[in-house]
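Below are some comments on the model, set out as numbered points. They cover helix geometry and packing, then a few backbone details.

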Amino acid sequence: MSVVGEAVFLSLSPILASAGAIPPVASQLNADAYNIMKIFTVLAIPVFMGVVTFAFYSLAVFRSPGRPTEDGPAIHGNSRLQFTWIAVSFVLVTVLYVIGFNGLAQLEAAAPVNALHVHVTAQQWIFNYTYTDYSLDSSTLYLPVNQPVEFTVTSEDVQHSFWIPELGVKEDAVPGETNTFTVTPDKTGNYTVRCMELCGVLHPYMNTPVVVESATDFAKWVSSQMGSSSWLAPLHLPEIAFLGSSGKRS
Ligand SMILES: [Cu+2]
């Protein structure tokens, strides 16, 4: 049954990915996260299949007709079996812990010197970005490909969560706190940042575009923003304008 489960999972997951059920992977961090999920699933399938198979086997084989009139025979522990499953569970959990902790350490590692700095301010119901290297504000997130980006995330009002599924990053936006993480987008494309913390009535609409583009295009965008006065635009955009810019729900 485990072999069947593994075969179904391993053949189904690339099909689901190509059908768009899984967002594209646009950073090494996200590729690592998917690999961890794959390892978890591959290890969980024999456990799941074992439990389900034994449950159905018991239903079929040990079924007694009518209502039982007396207790079944007493069950005595099997110390060798108990020791084995505790040891196996301990090894599995330790391995997964080390892999997961390694991923978390990468996310929270200090930013390299060539990192771009983006300060994210969440508010009901939009994200605003300040490119501190250029004193530039934007309500759309533009990022250059293959350059590390250090995000500092905070909120002006209530708790939000800054999530870019394609980059495999999610960070709480908490009023009065600044959370920091670093990620390197490695694939150009149009992605979406979503709020992942229920933050009020328009929370489902709190999605805005993320554009990962070539270094040249990003430099062009920066100079076009610096050249115009549009970077002086106020941070507080009316919510209604935001609603008009996005029809997606999270
Ligand atoms: Cu929200």
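1. How are H1 and H2 oriented to each other? The model is a predicted one. In it, H1 and H2 pack at an angle of about 140°, and their axes are 9 Å apart. Angles over 145 degrees would count as roughly antiparallel, so the two helices are oblique to each other. The crossing of H1 and H2 is right-handed. On the H1 side the contact is made by Ser2, Gly5, Glu6 and Phe9, and on the H2 side by Thr41, Val42, Ile45, Pro46, Phe48 and Met49.

2. Helix H2 covers residues 28-61, which is 34 residues. From first C-alpha to last, H2 reaches 49 Å, close to the 50 Å expected at 1.5 Å a residue. There is nevertheless a bend of about 30° in H2, located at alanine 44. A proline, proline 46, follows within four residues of that position. Proline 46 is also one of the H2 residues in the contact with H1.

3. Which residues of H2 are buried? They are Leu29, Asn30 and Ile45. These buried residues pack against two helices, H1 (2-18) and H3 (79-107), and against two strands, E7 (169-173) and E8 (179-183). Ile45 appears in the H1 contact as well, while Leu29 is among the H2 residues that meet H3.

4. The second helix pair to look at is H2 with H3. The axes of H2 and H3 come within 10 Å and cross at roughly 170°. H2 is therefore roughly antiparallel to H3. From H2, the residues involved are Leu29, Asp32, Ala33, Ile36, Ile39, Phe40 and Leu43. They meet Leu92, Leu96, Ile99, Gly100, Gly103, Gln106 and Leu107 of H3.

5. Helix H3 has 29 residues and reaches 42 Å from its first C-alpha to its last, close to the expected 42 Å at 1.5 Å a residue. How many of its residues are buried? The count is zero, and H3 is hardly covered.

6. Some backbone details deserve a check. Most residues other than glycine have a negative phi, and most peptide bonds are trans. Glutamine 124 and tryptophan 125 are joined by a cis peptide bond, with omega about 0°. Tryptophan 125 sits in the loop between strand E1 (116-123) and strand E2 (126-131).

7. Serine 135 is not a glycine, yet it has a positive phi of about 50°. Serine 135 lies in the loop between E2 and strand E3 (136-138). It counts as exposed because it has 9 C-beta neighbours inside 10 Å.

8. Asparagine 146 likewise has a positive phi, near 60°, in a residue other than glycine. Where is asparagine 146 placed? It is in the loop between strand E4 (141-144) and strand E5 (149-155). Asparagine 146 has 12 C-beta neighbours inside 10 Å and so counts as exposed, the cut-off for that class being 12 or fewer.

9. Proline 209 belongs to strand E10 (residues 207-213). Is proline 209 partly exposed or buried? It counts as partly exposed because it has 15 C-beta neighbours inside 10 Å. Apart from its neighbours within four places in sequence, proline 209 is in contact with Thr140, Asn190 and Thr192. Glycine 168 is 41 residues away from proline 209 along the chain, and their C-alpha atoms are separated by 15 Å.

Notes. Residues are numbered from 1 along each chain as its sequence is written. This is a predicted model: local features need pLDDT of at least 70, side-chain atom pairs count only at pLDDT 80 or more; totals for chains, interfaces and linings use all residues. The expected span of a helix is 1.5 Å times one less than its number of residues. The bend at a residue is the angle between axes fitted to the seven residues ending there and the seven starting there. A residue is buried if 20 or more other C-beta atoms lie within 10 Å of its own, exposed if 12 or fewer, and partly exposed in between; C-beta atoms are placed from the backbone. Two residues are in contact if their C-beta atoms, placed from the backbone, lie within 7 Å. Axes are lines fitted to C-alpha atoms, for helices over the stretch in contact, and angles run from 0 to 180 degrees between N-to-C directions. Angles under 35 degrees count as roughly parallel, over 145 as roughly antiparallel, 65 to 115 as roughly perpendicular and the rest as oblique. A crossing is left-handed if the near helix is turned anticlockwise from the far one by less than a right angle, and right-handed if clockwise.
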